[in-house]
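Let us take a walk through this structure together, stopping at a few places worth a look. Keep the viewer open as you read.

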Amino acid sequence: MAEKQPVYIIGHKNPDTDSICSAIAYTELKNTIHGGGFYAARAGQINLETQYILNYFHTPAPQYIGDVMTEVRDIEIRKIEGVSGDISLKKAWNMMRELEVMTLPITTGDGRLAGLITIGDIATAYMDVYDNCILSTSQTSYRNIMETLEATMLAGDENATYSKGEVIIAAANPDVMEDYIHEGDMIILGNRYETQLCAIEMGAACIIVCMNSEVSKTIQKLAAERRCSILVTPYDTFTAARMINQSMPISYFMKKKNLTTFRLSEKTEDIKEIMGKKRHRDFPVLDEENRYVGMISRRNLINLKRKQLILVDHNEESQTVDGIEYADILEIIDHHRIGTLQTLEPVLFRNQPLGCTSTIIFQMYKENHVEFPRHIAGLLMSAIISDTLMFRSPTCTNIDQEAAQELSQICGIDIEAFATDMFAAGSDLSSKEPKEIFEQDMKIFDVGDVHFSVSQINSMNSIELKEIKQKLLPFLDEIFSTLGVDMAYIMLTNIVKESTELLCFGERAKEIAKNAFQLPEDKRDVILKGLVSRKKQLIPSLVSALQQE
């Protein structure tokens with residue numbers, strides 16, 4: 001049975017509490033219904049408020065995914081086992097035919113890639129090598145020679161290596177042999193006693209006796225005394241001479257320099273171009289510790305499995321995890337306006353005008369008759385409290401409030417006491433750098449050609465908001481030009497007073513904000529009383545002002 005492809009349930013960049021809690025709760029629901037295969041994920045760092053909630057309900061954070069581009073690990077990697085560089089060319093050839101592959105990886109004892117050998121390399125070794133010293137030059141083991149020639153050893157050490165001399169066929173009389181046999185040579189010969197004797201006395205390192213001919217006890221004894229190995233093969237002299245080069249170790253012919261390898265974490269978009277420029281058919285894959293994993297080829301990219309996603313709490317392309325165009329979106333669960341995200345295929349898109357995505361997830365548990373585990377009830381309740389600013393936000397509906405009340409009974413939590421601690425934890429930004437504060441709940445929006453960001457910081461303490469403002473003003477003035485947006489807004493929202501001070505950055509940002517909320521031109525600060533919702537109050541007004549221009 002094929003391994004089930006994982007589905008990641010993920011919220012927007014710079015996730016808020018609703019984004020994280022919705023992902024965790026919906027993952028729990030999906031796995032309960034379908035028996036597994038769903039994983040909660042996040043596209044950014046967790047803010048202080050959300051971390052407080054996760055800690056309170058003893059729930060681990062979703063796994064971080066920086067982008068959803070396909071990686072080499074997502075390709076169907078052929079698990080061709082690495083072989084030792086000591087095996088013979090013949091054995092490598094037989095393995096390639098059996099496995100129906102063109103390339104074999106050679107690995108070390110600890111699994112690292114030592115080199116590659118292809119069918120072309122073996123053919124070249126067989127057709128182009130005429131050097132009769134090649135067997136010793138390549139340090140061929142007697143074990144390989146025995147395996148290739150199907151030989152039996154009568155004298156010598158099969159674990160030894162043939163390391164000096166030439167390979168010679170003894171086709172002449174013994175008198176003539178004395179002129180061309182040298183110490184350390186390997187002699188291929190027949191059953192003639194005098195020829196065998198001459199070869200041993202001339203200092204041959206090995207004699208190969210063909211046709212399974214018998215070797216006398218005298219010759220065997222003399223060979224042992226002179227440290228000459230004796231191999232007996234069933235092949236005739238011509239066949240033995242033709243095959244013996246096939247016993248050479250593949251390490252001598254393998255490619256080991258300038259190898260094109262890919263790591264599991266490399267993006268498939270990056271490796272396509274490299275593959276296209278190389279003549280190789282197969283490419284080895286290594287893990288992060290440089291160990292060999294398997295092989296891929298260009299055809300593996302044809303049936304590439306894209307990452308599968310379910311998006312929660314957003315449907316704006318600018319807010320999605322990086323690389324969304326390389327992934328398959330299966331579902332979208334959201335409570336915001338219909339955004340700019342497009343999909344290749346129809347998807348389940350559930351969008352309701354509620355104060356919180358977690359309220360929708362709450363409804364889906366009910367619809368599927370799935371009980372709420374205590375920690376899930378706590379996470380959903382917390383998200384509703386957070387997104388509706390404890391029911392003060394104009395986005396809050398009776399459905400949100402009723403859901404939160406029911407969830408609070410399940411997890412045994414007093415909403416008001418918990419909300420006070422939760423918001424206090426989220427607004428305790430005294431130890432945070434301005435960059436962290438600015439980015440912790442930032443969203444990007446597009447209206448025509450205008451690209452703008454909106455961050456929101458909620459607090460129940462006016463003094464704390466003032467301190468945050470003093471941190472952010474010089475920071476944004478300094479780095480605004482590097483943000484890649486036309487305007488940047490920061491909402492400093494006082495939950496108790498139900499008002500927001502809007503910090504504006506960019507050439508026309510303050511002018512647009514004043515037009516949107518019909519404020520006097522000479523007004524220095526943008527104070528918006530009764531405004532606490534980014535989604536329902538701020539964004540629609542800014543979008544309308546920009547569209548009117």
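## Aromatic pairs

Phe262 and Phe283 are both buried. This is a predicted model, and in it the rings of Phe262 and Phe283 form a tilted aromatic pair, with 5.5 Å from centre to centre and 40° between the planes. Phe262 belongs to strand β13 (residues 262-263) and Phe283 to strand β14 (residues 282-286), so the pair links parts of the chain that are 21 residues apart.

The structure holds 13 aromatic pairs. Another of them joins Tyr52 and Phe418, again tilted, at 6.0 Å centre to centre and with 40° between the planes. Here the two partners sit 366 residues apart, Tyr52 in helix α2 and Phe418 in helix α15 (residues 415-427). Are these two residues buried or exposed? Phe418 is buried at 3% relative accessibility, whereas Tyr52 counts as partly exposed at 23%. The cut-off explains the split: buried means under 20% relative accessible area. Tyr52 and Phe418 also belong to one aromatic cluster, together with Tyr56 and Phe57.

## Helices α1 and α2

Helix α2 deserves a second look for its packing. Helix α1 (residues 17-34) meets helix α2 (residues 48-56) at an angle of about 35°, and their axes are 9 Å apart. On the α1 side the contact is made by Thr17, Ile20, Cys21 and Ile24, and on the α2 side by Glu49, Thr50, Ile53 and Leu54. What kinds of residue make up this contact? Five are nonpolar, two are polar and one is charged.

## Cysteines without a disulfide

The structure holds zero disulfides. Cys21, one of the residues in the contact of α1 with α2, has its nearest cysteine sulfur in Cys356, 8.3 Å away. A disulfide needs the two sulfur atoms within 2.5 Å, so a pair at that distance does not qualify. Cys21 is buried, with 0% relative accessibility. Cys198 is in no disulfide either; its nearest cysteine sulfur is that of Cys228, 12 Å away. Cys198 is buried as well, with a relative accessible area of 7%.

## Asp313 and its surroundings

Next, please find Asp313, in the loop between β16 (308-312) and β17 (328-334). Is this loop residue buried or exposed? Asp313 is buried, with a relative accessible area of 0%.

What does Asp313 touch, apart from its neighbours within four places in sequence? The contacts are with His12, Asp16, Asp18, Ser19, Ile333, Asp334, His335, His336 and Thr357. Two polar contacts of the Asp313 side chain can be picked out. One joins it to the side chain of His12 at 3.1 Å, and the other reaches the backbone nitrogen of Ser19 at 3.5 Å.

For a sense of scale, compare Asp313 with Pro174: the two are 139 residues apart in sequence, and their C-alpha atoms are 92 Å apart in space.

## Ser533, just before a helix

Ser533 is found in the loop between β23 (526-529) and α19 (534-548). Ser533 is buried, at 5% relative accessibility. Where does its side chain reach? The side chain of Ser533 comes to 2.9 Å from the backbone nitrogen of Lys536. Leaving out residues up to four places away in sequence, Ser533 touches Ser393, Pro394, Thr395, Met491 and Leu538.

## Two residues with positive phi

Two loop positions round off the tour. Glu100 has a positive phi of about 60° although it is not a glycine, and Met211 likewise has a positive phi, near 60°, without being a glycine. Glu100 lies in the loop between α3 (89-99) and β4 (103-107), while Met211 lies in the loop between β11 (206-209) and α9 (217-225). Glu100 is exposed, with a relative accessible area of 71%, and Met211 counts as exposed at 53%.

The table gathers the accessibility of the loop residues discussed here.

| Residue | Loop | Relative accessibility |
|---|---|---|
| Glu100 | between α3 (89-99) and β4 (103-107) | 71%, exposed |
| Met211 | between β11 (206-209) and α9 (217-225) | 53%, exposed |
| Asp313 | between β16 (308-312) and β17 (328-334) | 0%, buried |
| Ser533 | between β23 (526-529) and α19 (534-548) | 5%, buried |

Note on methods
Residues are numbered from 1 along each chain as its sequence is written. This is a predicted model: local features need pLDDT of at least 70, side-chain atom pairs count only at pLDDT 80 or more; totals for chains, interfaces and linings use all residues. Side-chain values use heavy atoms; hydrogens and water are left out. Helices (H or I, at least four residues) and strands (E, at least two) are DSSP runs, numbered from the N terminus. Buried means under 20% relative accessible area, exposed over 50%, partly exposed in between (1.4 Å probe, protein chains only). A polar contact is a pair of N or O atoms within 3.5 Å; within protein, one must be able to donate a hydrogen and the other to accept it, and residues adjacent in sequence count only if both atoms are side-chain atoms. Contact means heavy atoms within 4.5 Å. Axes are lines fitted to C-alpha atoms, for helices over the stretch in contact, and angles run from 0 to 180 degrees between N-to-C directions. Ala, Val, Leu, Ile, Met, Phe, Trp, Tyr, Cys and Pro count as nonpolar, Asp, Glu, Lys and Arg as charged, and the others, Gly among them, as polar. Rings of Phe, Tyr and Trp (its six-membered ring) pair if their centres lie within 6.5 Å; planes under 30 degrees apart count as stacked, over 60 as edge-to-face and the rest as tilted.
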